[in-house]
Amino acid sequence: MPPNDRLLAFAITALVIILIPGPSVLFTIGRALSVGRRGALRSVVGNSIGVFLQVLAVALGVGALVERSSELYGAIKFVGAGYLIYLGVQAVRHRRALADSLGADAPTLAVRRRHLLDGLVVGVANPKTIVFFTVALPQFADRDAGHVPLQLLVLGAVFASIAVLCDSVWAVAAGTARQWLTRSPRRLSAIGGAGGLAVVGLGVTVAATGRKD
């Protein structure tokens with residue numbers, strides 16, 4: 001375990017970073033508008049699992065490789081951006097089916113798993129996060145205490161837990177707004193399309209920004 005003072009310092013740092021609206025928040029809001037509150041919450045959980053997998057990669061030394069290799073960084077970035085664009089396009093294409101889904105039965109297990117998997121892929125395919133973890137996590141570990149990889153995993157679990165709580169608030173807020181605004185099928189279709197376009201825009205932004213080396 002990291003020392004309590006470092007653990008607290010990291011938790012505060014993580015909270016500040018997570019509270020600043022960024023790609024994760026935009027993804028959550030877009031998903032809430034396109035697939036609803038519960039689907040967005042499942043994507044939030046999947047996203048945090050993906051983030052923790054990145055922490056695991058950092059603990060195993062893979063994060064340093066991504067930080068040093070512009071080719072690997074770029075490959076991960078474009079995979080993540082491409083998947084975001086795919087999700088957004090799918091939401092726009094199927095926006096007219098949203099009205100039917102409101103009166104339908106609960107989503108099947110396959111659909112629920114898909115929401116979780118979508119979030120996981122987006123979370124694990126964000127190279128900026130893994131580079132952040134590679135640089136920041138070791139600063140809060142105590143090498144003298146030993147078991148540094150385990151300390152990194154604990155810090156990563158703290159980050160992922162805070163992310164789940166904060167992003168869930170966004171998912172609930174956006175999902176509640178979606179329900180309030182969806183008094184007519186036409187308006188619901190427009191909202192779903194707007195959520196899809198937001199996710200597409202996020203994918204384009206991810207692809208267009210980042211390291212140039």
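How are α2 and α7 oriented relative to each other? In this predicted model, the two helices are roughly antiparallel, because their axes cross at roughly 160° and angles over 145 degrees count as roughly antiparallel. The legends below begin with the chain as a whole and then turn to individual views.

**Figure 1. Overview of the chain, built from ten helices and zero strands.** From the N terminus on, the order of elements is α-α-α-α-α-α-α-α-α-α. The chain has 213 residues, of which 43% are buried. Among contacts with a separation of 6 or more, 87% join residues that are 24 or more positions apart.

**Figure 2. Close-up of the contact between α2 and α7.** The axes of these helices come within 12 Å, and α2 passes α7 in a right-handed crossing. On the α2 side, the contact is made by Phe-27, Arg-31 and Val-35. Their partners in α7 are His-115, Asp-118, Gly-119 and Val-122. Sorted by class, this contact comprises three nonpolar, two polar and two charged residues.

**Figure 3. Close-up of α3 packed against α7.** Helix α3 spans residues 37-59 and helix α7 spans residues 109-124. Their axes are 6 Å apart and form an angle of about 40°. The two helices are therefore oblique to each other, and α3 passes α7 in a right-handed crossing. The α3 residues in this contact are Gly-39, Arg-42, Ser-43, Val-45, Gly-46, Asn-47, Ile-49, Gly-50, Val-51, Leu-53 and Gln-54. They meet Arg-112, His-115, Leu-116, Gly-119, Leu-120, Val-122, Gly-123 and Val-124 of α7. By class, the contact contains eight nonpolar, nine polar and two charged residues.

**Figure 4. Close-up of α2 packed against α3.** Helix α2, residues 23-35, lies with its axis 7 Å from that of α3, at an angle of about 150°. The pair is therefore roughly antiparallel, and the crossing is right-handed. From α2, the contact draws on Ser-24, Phe-27, Thr-28, Arg-31, Ala-32 and Val-35. From α3, Arg-37, Gly-39, Ala-40, Ser-43, Val-44 and Asn-47 take part. Five nonpolar, five polar and two charged residues make up this contact.

**Figure 5. Close-up of the largest nonpolar core, a set of 23 residues.** Phe-10, Phe-133, Leu-137, Leu-152 and Phe-159 have the most contacts inside this core. At least two core residues come from each of α1 (4-19), α3, α8 (127-136) and α9 (148-181). Helix α9 provides the largest share, seven residues. When neighbours within four places in sequence are left aside, Leu-137 is in contact with Phe-10, Val-55, Phe-132, Leu-152 and Leu-155. Another core, of six residues, lies apart from the largest one. Tyr-83, Leu-87, Val-122 and Val-199 are among the members of that other core.

**Figure 6. Close-up of Gln-151 in helix α9.** Is this residue buried or exposed? Gln-151 counts as buried because its relative accessibility is 0%. Leaving aside neighbours within four places in sequence, Gln-151 is in contact with Met-1, Pro-2 and Pro-3, among others. The remaining contacts are with Ala-141, Asp-142, Ala-145 and Gly-146.

**Figure 7. Close-up of Gly-88 in helix α5.** Helix α5 covers residues 70-93. Gly-88 is buried, as its relative accessible area is 0%. What separates the C-alpha atoms of Gly-88 and Gly-201 in space? The distance between these two atoms is 8.3 Å, although the residues are 113 residues apart along the chain.

**Figure 8. Close-up of Thr-13 in helix α1.** Thr-13 is partly exposed, since its relative accessible area is 30%. Thr-13 and Phe-159 are 146 residues apart in sequence. From C-alpha to C-alpha, Thr-13 and Phe-159 are 9.3 Å apart in space. Phe-159 is also one of the residues with the most contacts inside the largest nonpolar core.

Note on methods:
Residues are numbered from 1 along each chain as its sequence is written. This is a predicted model: local features need pLDDT of at least 70, side-chain atom pairs count only at pLDDT 80 or more; totals for chains, interfaces and linings use all residues. Side-chain values use heavy atoms; hydrogens and water are left out. Axes are lines fitted to C-alpha atoms, for helices over the stretch in contact, and angles run from 0 to 180 degrees between N-to-C directions. Helices (H or I, at least four residues) and strands (E, at least two) are DSSP runs, numbered from the N terminus. Angles under 35 degrees count as roughly parallel, over 145 as roughly antiparallel, 65 to 115 as roughly perpendicular and the rest as oblique. A crossing is left-handed if the near helix is turned anticlockwise from the far one by less than a right angle, and right-handed if clockwise. Contact means heavy atoms within 4.5 Å. Ala, Val, Leu, Ile, Met, Phe, Trp, Tyr, Cys and Pro count as nonpolar, Asp, Glu, Lys and Arg as charged, and the others, Gly among them, as polar. A nonpolar core is a set of buried Ala, Val, Leu, Ile, Met, Phe, Trp, Tyr and Cys residues joined through side-chain atoms within 4.5 Å. Buried means under 20% relative accessible area, exposed over 50%, partly exposed in between (1.4 Å probe, protein chains only).
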